[in-house]
Amino acid sequence: MRKNKKRYVIIMIIFVCMILFIINFIKYDFLQEDLLFFQIFNLKTHSPNITDRNKEELKEINEKSSTNVKNVYFRIQYQNKKLKALNLSDTVNNKTLLYEKIAPGTSGRFDIILTSNENLNYKIEFESENEKPSNLQFYTSEEGKKYNVLEELGESLTGTILKKEEKVIPVCWKWEYEISREQNRQDTLEAKKIREYHFLIYVQGY
């Protein structure tokens, strides 16, 4: 009799524990669903634009961090030639950067920024200091002409600047790849020996 009573008590204790466990689990589940619902409801009712605003902010931050536009400043004077040196790897778009060097598929941009205290004509010239990858091209806009040689691009960069004007001339570049099997082999060979591309920028007022 005592044994049966003891078994009965043990079974009741186990049963009560199971009931309590199930109740707590269900209660927790409902709380989690309620919490999620109120979070969504609060976003939609109290701050309808917060998601879009955050997306725009994140997009702006991402764009700033993924670009590495190098600004090269020149103050132009009459009959005065200014010179500055540049390493193309300092202008690589961070999204395409590979092992801190230029490589097939990388791209970038640098801006030549001109100012003057008088109305002048100007011309821009480039001079390469080492070998350039064969399939690396330069251009001032996506729709514009692409140049295989930086010096050729310089021949088109002439114009006028007004007194106190600030003129920005963007120079974009891209190392094209996967054009053909033969050029892919060439890209592979050049990527092994050309890690950087150095050149000089001359700006003259006249």
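**Close-up views of a predicted model**

**View 1. The open sheet and its edges.** In this predicted model, 4 strands form an open sheet of mixed pairing in the order β1-β3-β7-β5, where strands are DSSP runs of E with at least two residues, numbered from the N terminus, and two strands pair if DSSP finds at least two bridges between them. The edge strands, each pairing on one side only, are β1 and β5. From one strand to the next, the twist averages 20 degrees, with axes fitted as lines to C-alpha atoms and angles running from 0 to 180 degrees between N-to-C directions. Residues are numbered from 1 along each chain as its sequence is written. Local features need pLDDT of at least 70, side-chain atom pairs count only at pLDDT 80 or more, while totals for chains, interfaces and linings use all residues, and side-chain values use heavy atoms, with hydrogens and water left out.

**View 2. Antiparallel partners of β7.** Strands β3 and β7 run antiparallel and are joined by 9 bridges; F110 stands opposite V171 in β7, and D111 has P170 as its bridge partner in that strand. β5 also pairs with β7 in the antiparallel sense, over 4 bridges, and the partner of Q137 in β7 is K174.

**View 3. Surroundings of I201.** Counting contacts as heavy atoms within 4.5 Å and leaving out residues up to four places away in sequence, I201 touches V72, F74, K82, L83, K84, L86, F110, I112, I124, E125 and F126.
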